Amino acid sequence: MIELGTERHRSNLDVWKKLQSDGYFEKHPCYKGISDFGGQEAVQAIEWFVPIRTDMKIAVIGCGYGRETLKLAPLVQRVYGIDVSETILDKAVAYLSERNITNFTPVLAESCARTIPSGLDLVFSIVVMQHLTRDLVRNYFVELGKKLTPGGGFVVQFLDEANVDYGATDAPEKTGGEPSISWSPWQLVELSRTAKLKLVEIRTQLVTDAALWHWAYFQKS
């Protein structure tokens, strides 16, 4: 299961619980409040690597209020939305229910290894891994990797900023603010080995003058 016992992990999750309880999505300029803005990039990113099928069961790590789920849920059988607090999961249920999404299951991060059933076809995440400690990311991959069907996989976005010390960004560096942790391609290779998954492909985008996004597709043999 996701291990919450270390001080580093507790600090990381406590930061996000506080940010969410303080109206993170409502206040953040990129999300324009809780709205239908964006989300289609989730569908596009997945379809870079695998076709979306109506019988798929998908887990979304860091589902937030459901922006990506709103676009994915009508295309698949079930979406399990994972996040760190009841506060944001309640907002996701309300947001999606108001938009007639009925195949969404909210899941607390600390219990996702116990509560999500086996038989997942895909794990998806965008703009989340950079905000977690490396150990938490590894735990998500290991535990959710066990839930995948043969041939199932992960489509996950990772941040890679210029001029970072990859060995020194394991823990949140901004107390009370958003951590920003970079991953190199070779660290993604090591992540795949830790989780006993095959790293099939990485697609890289230049998103700012100083930041790359690595979209990585991992598959269970």
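Accessible area here is computed by the Shrake-Rupley method with a 1.4 Å probe. Keep that in mind for this predicted model.

**Stop 1: the whole chain.** Show everything. The accessible surface comes to about 10,000 Å². Carbon and sulfur atoms hold 51% of that surface. Now colour by secondary structure. You should find eight helices and seven strands. Of the 221 residues, 52% count as buried. Next, think about contacts between residues at least 6 apart in sequence: 71% of them join residues at least 24 apart.

**Stop 2: helix α8.** Select residues 185–194. Which residues of this helix are buried? They are Q187, L188, V189, L191 and S192. An α-helix has 3.6 residues a turn, so residues three or four places apart point the same way. What covers the buried residues of α8? The cover includes α7 (134–145) and β5 (148–161). It also includes β6 (198–208) and β7 (211–219). Select these four elements and view them around the helix.

**Stop 3: K196.** Move just past the end of α8. K196 sits in the loop between α8 and β6. Its phi is positive, about 55°, although K196 is not a glycine. Most residues other than glycine have a negative phi. Is K196 buried or exposed? K196 counts as exposed because its relative accessible area is 71%, and the cut-off for exposed is over 50%.

**Stop 4: N100.** Jump to the loop between α5 (86–98) and β3 (104–108). Select N100 there. N100 also has a positive phi, about 65°, and is not a glycine. With 68% relative accessibility, N100 counts as exposed.

Technical notes
Residues are numbered from 1 along each chain as its sequence is written. This is a predicted model: local features need pLDDT of at least 70, side-chain atom pairs count only at pLDDT 80 or more; totals for chains, interfaces and linings use all residues. Side-chain values use heavy atoms; hydrogens and water are left out. Buried means under 20% relative accessible area, exposed over 50%, partly exposed in between (1.4 Å probe, protein chains only). Helices (H or I, at least four residues) and strands (E, at least two) are DSSP runs, numbered from the N terminus. Contact means heavy atoms within 4.5 Å.
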